[in-house]
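Reader: I have a new model open and would like to practise reading it with you. Could we go through its features step by step?

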Amino acid sequence: MAHSKTDGEGLERDRTVASVVAPCIDSTAGNHVLICNDDHACIADRLRENGAAVTSWWRLATSVHGARPWPLVDGYTAAVIRLPRDKGAFEFALHAACSVLPPSAPVWVVGANGEGIKSASRPMSTVLEGVETIDTRKHCRVLRGTTPIDGTGLRKTLMDWASEVALDIGDVRTTHTVFPGVFAKGRLDPATALLLDAMEPPTAGSKVLDYACGVGVIGGWLLRQDSTLDLTQLDADAVSAKAASINVHRATTVVGASLSALPPDALFDCIVSNPPIHVGTSRDYAVLRNLVAMSPKRLKPKGRLWIVVQRQAHVEPLLRSRFGRVAVVAEDRRFRVWLAS
Ligand SMILES: C[S@@+](CC[C@H](N)C(=O)[O-])C[C@H]1O[C@@H](n2cnc3c(N)ncnc32)[C@H](O)[C@@H]1O
């Protein structure tokens, strides 16, 4: 499968953003800076080079670092927030950072123009005082405000962000818990719908992995069909994983960015996935490639991999290089469901 031309663009952008924000972090930052959503740790590295004491909070795990759904209280004196792509995720990150800062602490927000940083001041002004743009360079923008004196209006815990949405699969309606920034706002995605419709139910008692589980749509549906399944769900987003653990509480839920996040001896009869094919706004097939390459080692003999991907993702050569049998079991105008065993 060809590498996407956009692979690695995210890292370049993060380096540029870090080079713009680092000179803005002055002595008002105090002695312990919380860095939020800095996925490649570019901002943290820059600030450390400048002698600052920094701690990162990531909601998204990578192969290099883990993630947690909410930052720990740890005596922070300031925060720097890397603008996330999703507006709801930004508001969530703002409140999360403010919830672990003292009053009047500075908060810097940085992002590239193409990421929506120009509209960041409005949500910032709902929680921070004195919000202003303090630098614009290299198609990026840095804004700064300070935490409110009395903390009014802050939603201070993860569960303050939970909401319930209806999930309709076929003619069955359930409700489940979602948080800001989760995939498809927790609704049924068309690709997931095609996959669920095409999938043969795993045999009773099977060990099943829902890889890139989001809020648990696939795993929840599988367990509703057959409660004897031994289900594991994995997602890189710690907030999605938290929702999945609430929605599908009988499953084991793991936060991680690849199959390596699972115990080394974890083997499955079936791996099922609607894998991510974007990083930020760029198309990126790295997770899909990695999943297909690593799945055979995680499947028992005769184990099966079910994935749904966009038609233009040329996954077939890679599937054929790793699996004995490969077939398209369903397709529509946009997506294909592949079964490999
Ligand atoms: C296309 S969504 C599918 C969500 C869910 N399975 C569904 O069908 O509604 C992909 C999910 O992959 C997660 N993700 C992103 N990078 C990942 C990675 N490296 N490993 C595992 N999950 C990842 C995202 O957080 C997102 O929840």
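Reader: Let's begin with strand pairing: in β17, which residue is the bridge partner of Glu331?

Author: A general idea helps here: strands of a sheet pair through backbone hydrogen bonds, either parallel or antiparallel. In this predicted model, Glu331 has Arg336 of β17 as its bridge partner. The two strands involved, β16 (residues 326-331) and β17, run antiparallel and share five bridges. Three residues lie between β16 and β17, and the two strands form a hairpin.

Reader: Which other strand pairs with β17 in the antiparallel sense, over six bridges?

Author: That is β15 (residues 299-310). You can find the pairing by looking for Trp306, whose bridge partner in β17 is Leu339.

Reader: Why is β17 described as largely enclosed by the rest of the structure?

Author: Look at the burial of its residues. In β17 (residues 335-340), five of the six residues are buried, so the strand is largely enclosed by the rest of the structure.

Reader: Now the whole sheet, please. What is the order of the seven strands?

Author: Reading across, you get β11-β10-β9-β12-β15-β17-β16, an open sheet with mixed pairing. At the edges are β11 and β16; each has a single partner strand, so one side of each is left without a neighbour in the sheet. On average, neighbouring strands here are turned by 20° against each other, direction ignored. For a parallel pair within the model, take β9 (residues 207-211) and β12 (residues 268-273), joined over four bridges. There, Tyr211 has Ser273 of β12 as its bridge partner.

Reader: Which helix lies across β10 and β11?

Author: Helix α7 does, and α7 runs at about 175° to β11. To see what α7 (residues 238-247) turns inward, pick out its buried residues: Ala238, Val239, Ser240, Ala241, Ala243 and Ala244. These buried residues pack against β10 (230-235) and β11 (252-255), and also against α3 (87-99) and β8 (172-178).

Reader: What is the strand order in the open sheet of six strands?

Author: The order is β2-β1-β3-β4-β6-β5, and the pairing is mixed. The edge strands are β2 (54-57) and β5 (129-137), each with a single partner strand, so one side of each is left without a neighbour in the sheet. Start from the β2 edge: β1 (residues 33-36) pairs with β2 in the parallel sense over four bridges, and Val33 has Val54 of β2 as its bridge partner. Then look for α3, which lies across β1, β2, β3 (78-82) and β4 (106-112) and runs at about 165° to β3.

Reader: Let me choose a residue in α3. Is Ala89 buried or exposed?

Author: Residues under 20% relative accessible area count as buried. Ala89, found in helix α3, has a relative accessible area of 8%, so it is buried. Setting aside neighbours within four places in sequence, Ala89 is in contact with Arg59, Pro84, Pro180 and Gly181.

Reader: How should I read the nonpolar cores?

Author: The general idea is that in soluble globular proteins, nonpolar side chains tend to be buried together. Here the largest nonpolar core has 61 residues, and Ile81 and Val109 touch the most other members. Helix α3 gives the most to this core, with seven residues. At least three residues of this core come from each of domain 1 (9-158) and domain 2 (162-340). A second, separate core of 27 residues includes Tyr211, Leu234, Phe268 and Ile307.

Reader: Which residues is Val109 in contact with, leaving aside its neighbours within four places in sequence?

Author: They are Ile81, Leu83, Phe90, Leu94, Ile117, Met124, Arg141, Val142 and Leu143.

Reader: Finally, the two domains: how many residues of domain 1 are in contact with domain 2?

Author: There are 16, and they are in contact with 16 residues of domain 2. About 1200 Å² is buried between domain 1 and domain 2, 62% of it on carbon and sulfur atoms. Of the area that domain 1 buries against domain 2, Arg59, Arg85 and Leu158 supply 41%, more than any other three residues. The C-alpha centres of the two domains are 31 Å apart.

Note on methods: Residues are numbered from 1 along each chain as its sequence is written. This is a predicted model: local features need pLDDT of at least 70, side-chain atom pairs count only at pLDDT 80 or more; totals for chains, interfaces and linings use all residues. Side-chain values use heavy atoms; hydrogens and water are left out. Buried means under 20% relative accessible area, exposed over 50%, partly exposed in between (1.4 Å probe, protein chains only). Contact means heavy atoms within 4.5 Å. A nonpolar core is a set of buried Ala, Val, Leu, Ile, Met, Phe, Trp, Tyr and Cys residues joined through side-chain atoms within 4.5 Å. Domain bounds come from an automatic or database domain assignment. Two strands pair if DSSP finds at least two bridges between them. Axes are lines fitted to C-alpha atoms, for helices over the stretch in contact, and angles run from 0 to 180 degrees between N-to-C directions. Buried area is the accessible area (1.4 Å probe) that two parts lose on being put together, summed over both.
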